[in-house]
Every structure is written in C-alpha cells, then in structure tokens.
Amino acid sequence: MAAIWPLGSWKSSGVFKPCWRMCIRAYSKDEHKEKGWFRSLFVHKVDPRKDAHSNLLSKKEISNLYKMQFHNVKPECMDAYNGLSEQILQNLHNDPDYPCEIVGSWNTWYGEQDQTVHLWRFSGGYAALTDVMEKLKQNKEYLEFRRERSKMLVSRKNEILLEFSFWNEPLPRAGPNIYELRTYYLKPGTMIEWGNNWARAIRFRQENNEAVGGFFSQIGNLYVVHHLWAYRDLQSRDETRNSAWQKSGWDECVYYTVPLIRYMESRIMIPLKISPLQ
C-alpha cells in the first residue's frame, strides 16, 4: 500500500523536493513561453537588418552631409554676434572654393534662450567637410571671426548629420516664417524602427508644406533625430499639428514611436537675415 503523507510533511522530509522544484520550473517556463507568444501578437516588429542604419535610412543618390551648430551666446552680445555672423558666414556661403552652403540660420525664440542654430550642407560628404576645414585654417578673415566670436559665446557644440531618405530636401523658402526644431533622443538600437514608422507617416505632415527636413546624427550626440518644420506663426503651428490627428494612420505613428524616445525638446526659431530659409 502506498504511503500516505500527512499534509505539509513532504515539504520537510525532502523526499519530493527535487520533483516539486522541477514541476515549478516547468510551469514557469511554459507560462513564460505563453506570455511571450501572447505579447508578440501586439508588438510592432522590425525586419532584421544586416547593414548600418546610416546606409539604410539616408539618401543614396546624393552624398550630402550636414552640420548643425548650436551657439549659446552671452545675452548682451547677441546683436553683435548676429551682425558678425551674417557678414562672415555669407561670404563663406557665396565662395565657390568652399563646397558648403548655409541651409538655415536662426535665433531661438522659445526653448533654450540666447542661442543661435546654424545648419550647413556639405556637397560631397566627408571629403567636402575635410576640404572646408583645411581651407578655413588658412582663411585669415575666418580665423579673426572665430577669435571675436569666442568672446561672445558661453558654449557651443556641433553634430554631423545625414538626412532621411523619405524627408523633403531642405530648400530655400520665402518668409516670413517661424521654424520649429523638434529634437528626439532615441533609445540606442531603435533608429531603424523610427525610420520605418516615419517613412509611412511623413505624408500626414506635408499637406500644408510645413515639412522642411529630417536628419539623424552620425557624430556628436548619437541616436538623435532632428525634424525641422516651418509655420506662418504659432497659431498656424497649432492648427497644422492638430489637423494631423484627424488623418487615419497618424495616431499609429505616434503610438509606435513614443516608446522609442528617451526624451525630446522643441525650439521655436526666427531666421537671421542671411538664412535661405526665411
């Protein structure tokens, strides 16, 4: 006759401990598999890639490279900084010996204060960037400009960027406009998924001609995305952004991209006189 164990005595006896633990482990493993399968029904998947996201997301038919400069200016020096920059940077922009051009220059209006943002395009990629940097070392006017500028700045930084293949080419436009630079700091490893979603969603934000350009970083702060938008004024911005929510599919873009973001910021900017984006 099989022995009948009093309730609870098997725990202390040790006879059934190995079997009990195996059962618990087997149950936990099966439960984990079931939960993983159930969760997979709702997770937005991205196809596996075997190439750098810079090659997959950038425009292959052109070799443009972009540099975005952020200059934090002493408040009392802002007018002097703008005047000096407009003169020297315009000369550099117009010089055919330098394979670079100003895409836009702005002072921040809302967001980080006493800041100027410059966006440069280098036609010819990294080779053009190197060529410009070497020539500037011999440019006496520019070297004097840098010495004077250093007296006006609190801090500065720059980023090397590529443009997304599915975004508008940032071309000159007439004003008056205000510009919004929305910057997204993504979780590492999520750039492909970000690009997949925005490639489908960008059409929802082009009907009012507000989309100017979209970029992602290569050097500087990494996994950073910059979206540049143009609006007539703040009221127009509010109406344009709200209208996107009336279009079927825009909510899906927001739903799938928000979890990819570590944090984000927005700048409202006013163009300088030399800016091709007015």
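Author: In this predicted model, a residue is buried when its relative accessible area is under 20%, exposed when that area is over 50%, and partly exposed in between.

Reader: Is R267 buried or exposed, and at what relative accessible area?

Author: The cut-off for a buried residue is under 20% relative accessible area. R267 falls below that cut-off and is therefore buried, its relative accessible area being 4%.

Reader: Which residue forms a salt bridge with R267 from the loop between β2 and β3?

Author: R267 itself lies in strand β8, residues 261–271. Its partner is partly exposed, at 37% relative accessibility. The closest N and O atoms of this salt bridge are 3.9 Å apart, and the bridge ties together parts that are 155 residues apart in sequence, because the partner in the loop between β2 and β3 is E112.

Reader: Which other side chain meets R267 in a salt bridge?

Author: This bridge has an N to O distance of 3.9 Å. The partner counts as partly exposed, because its relative accessibility is 26%. The side chain that meets R267 here is that of E265.

Reader: How many salt bridges does the structure hold?

Author: Side chains of opposite charge can pair when their charged atoms come close. One example is E134, partly exposed at 43% relative accessibility, which is bridged to K137 with the closest N and O atoms 3.3 Å apart. Bridges with shared partners also join E101, R121 and E169 into one network. The number of salt bridges in the structure is 12.

Reader: Are the rings of Y142 and F145 stacked, edge-to-face or tilted?

Author: Among the 15 aromatic pairs of the structure, this one has ring centres 5.6 Å apart and planes at 50°. Planes under 30 degrees apart count as stacked and those over 60 as edge-to-face. An angle of 50° fits neither class, so the pair of Y142 and F145 is tilted.

Reader: In which helix do Y142 and F145 lie?

Author: Both residues are buried. They are three residues apart, about one turn of the helix. Residues three or four places apart point the same way because an α-helix has 3.6 residues a turn. The helix that holds Y142 and F145 spans residues 140–150 and is α6.

Reader: Over the face of which ring does R205 lie?

Author: R205 is 4.0 Å from the centre of this ring. The ring belongs to a residue in a cluster linked by ring pairs, whose members include W167, Y184 and W245. The ring under R205 is that of W229.

Reader: Why is helix α7 largely enclosed by the rest of the structure, and how many of its 11 residues are buried?

Author: Helix α7 covers residues 191–201. Its buried residues include W194 and W198, both of which also belong to the aromatic cluster. The helix is largely enclosed because its buried residues, out of 11, number eight.

Reader: What accessible area do W109, Y110, L234 and I270 have together?

Author: W109 lies in strand β2, residues 100–110, and counts as partly exposed because its relative accessibility is 36%. With Y110, L234 and I270, W109 forms a nonpolar patch on the surface. Together these four residues have an accessible area of about 360 Å².

Technical notes: Residues are numbered from 1 along each chain as its sequence is written. This is a predicted model: local features need pLDDT of at least 70, side-chain atom pairs count only at pLDDT 80 or more; totals for chains, interfaces and linings use all residues. Side-chain values use heavy atoms; hydrogens and water are left out. Rings of Phe, Tyr and Trp (its six-membered ring) pair if their centres lie within 6.5 Å; planes under 30 degrees apart count as stacked, over 60 as edge-to-face and the rest as tilted. Helices (H or I, at least four residues) and strands (E, at least two) are DSSP runs, numbered from the N terminus. Buried means under 20% relative accessible area, exposed over 50%, partly exposed in between (1.4 Å probe, protein chains only). A charge sits over a ring if NZ of Lys or CZ of Arg is within 6 Å of the ring centre and within 35 degrees of the ring normal. Patches are made of residues with over 30% relative accessible area and no salt bridge: like charges are joined within 9 Å, nonpolar side chains (Val, Leu, Ile, Met, Phe, Trp, Tyr) within 5 Å. Accessible areas come from the Shrake-Rupley method with a 1.4 Å probe; for residues, only the protein chains shown count as cover.
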